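Student: I would like a close look at one part of this structure. Please take me through a helix, what it packs against, and the charged pairs that go with this part of the chain.

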Amino acid sequence: MERRNVGILGATGAVGQRFIQLLADHPWFNITWLAASDRSAGKTYAEACAWRLDTPLPERIAKMVLQPNTPETAGDELPRIIFSSIDAPIARELEPKFAAAGCAVISNSSAFRMAPDVPLVVPEVNVDHLEVIESQPTRKRSGGYLVTNPNCCAIGLVLPLAPLEQRFGIEKLFVSTMQAVSGAGYPGVASLDILGNVIPYIKNEEEKLQEEVGKLLGSSNGTGFHPLAAPVSAMCNRVAVVDGHTECVSVKLKTHATREEIIEAWESFQPLSGRGLNGLHLPSAPVFPVEYAPEEVRPQPRLDLMRGNGMATTVGRLRPCNIFDWKFTLLSHNTIRGAAGAAILNAEILAVLGKFDFRRFPAVNQANNLTNEALVTA
């Protein structure tokens, strides 16, 4: 696989740092461009960023100079693959500009997740939804497009739900989350609010989870999406855990399933089979995206967070539900599988599908000129 240059929007934030950590030695992608807010542009990454991860800041990245968050100022240095980890209000303004400039924008932001022509993708669940990018206006003009990954809880949830929907069908769903403080970014929740406490409200989180599960488990006709026709009820809570979102799930199925059949569905769920399309291994894909933990007291963030290098969902405590059919507990890593790692896996699938082949489209600087002209005449 050809090694491609990539850039990161919002490079100094919590998810931006995770992007750098996961991409530092990636065999397919090479970081060549970093951008941050106006107050950080022009500084080296080391000067602008308070590095907070448990691995050293790569020396090469530390010396890189942060660029403005605009495609117009980048010129020929702008890579055609951009990972975005900026807040939704800023993403609504900036991400379409980068797509119009000819970039594949692979976003962790919530800004365009529910847009009717933007794929919301977990590769093991709905890789076929990626074909919708071909109907995006920017794709037809400059080659650029938008692809999003879901909310951190939605990703962990749909991985064990997908094989259940495929085999038995899902009629309705209830989920209650216990979400780690790292999901709020940095500085996030004040320590005096969260220590020894549970906060039963995360703004817009329940709405995101309910909507996104439907889109992820729904179908696509190549130009749009049809959500799963099953109601989803979510309750979201912030808890005093650093990393790892825990979710308690109750599900009603369309057809009868035994405990053994459900566990077998999870354990045999290998839609990528450890390999991507065209026989290429996907570096970030876990061999088993859903791992079942039979112990009564699992999963736990302290013990199970890094299964599949942080890219797998751990499921446990499967038992009958007195209201629906079955209930279980799951755990996923919210900043790896739930954020940066999810976007990187999406990029790997896009690479295998040939969606980074821009030879029939204008060069980036030409696309920038087209974008500027369009903005002026609009």
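**Helix α7 and the salt bridges**

Tutor: A search of the whole structure, which is a predicted model, finds 14 salt bridges. Before turning to some of them, start with the helix.

Two packed helices are described by the angle between their axes and the distance between the axes. Helix α7 covers residues 152-167, and its partner here, helix α12, covers residues 336-352. Their axes are 8 Å apart and the packing angle is about 90 degrees. An angle of 65 to 115 degrees counts as roughly perpendicular, so α7 is roughly perpendicular to α12.

Which residues meet where α7 and α12 touch? From α7 come Cys152, Ile155 and Leu159. From α12 come Arg337, Gly338 and Ala342. By type, the residues of this contact are four nonpolar, one polar and one charged.

Now stay with α7 but look at a charged residue in it. Arg167 lies in α7, and its side chain meets that of Glu264 in a salt bridge, at 2.4 Å from N to O. Glu264 belongs to helix α10, residues 259-267, so this pair ties together parts that are 97 residues apart in sequence. Are these two residues buried or exposed? Arg167 has a relative accessible area of 43% and is therefore partly exposed. Glu264 is partly exposed as well, at 37% relative accessibility.

Next, consider Glu134, which takes part in two of the salt bridges described here. One is with Arg139, where the side chains meet at 3.2 Å, N to O. The other is with Arg360, and there the closest N and O atoms are 3.9 Å apart. The pair of Arg360 and Glu134 links distant parts of the chain, 226 residues apart. Arg360 sits in the loop between α12 and α13 (364-377), while Glu134 sits in the loop between α5 (123-126) and α6 (137-141).

The accessible areas of these three residues can be taken in turn. Arg139 is buried, because its relative accessible area is 3% and buried means under 20%. Glu134, at 25%, is partly exposed. Arg360, at 63%, is exposed, since exposed means over 50%.

These pairs also belong to a wider set. Glu131, Glu134, Arg139, Lys355 and Arg360 are linked in a network of salt bridges.

Key
Residues numbered from 1 in each chain as written. Predicted model: local features only at pLDDT ≥ 70, side-chain atom pairs only at ≥ 80, totals over all residues. Heavy atoms only, no water. Axes fitted to C-alpha atoms, helices over the stretch in contact; angles between N-to-C directions. Helix = DSSP H or I, 4+ residues; strand = E, 2+ residues; numbered from the N terminus. Parallel < 35°, antiparallel > 145°, perpendicular 65-115°, else oblique. Contact = heavy atoms within 4.5 Å. Nonpolar A, V, L, I, M, F, W, Y, C, P; charged D, E, K, R; others polar. Salt bridge = Lys/Arg side-chain N within 4 Å of Asp/Glu carboxyl O. Buried < 20%, exposed > 50% of the residue type's maximum accessible area, 1.4 Å probe, protein only.
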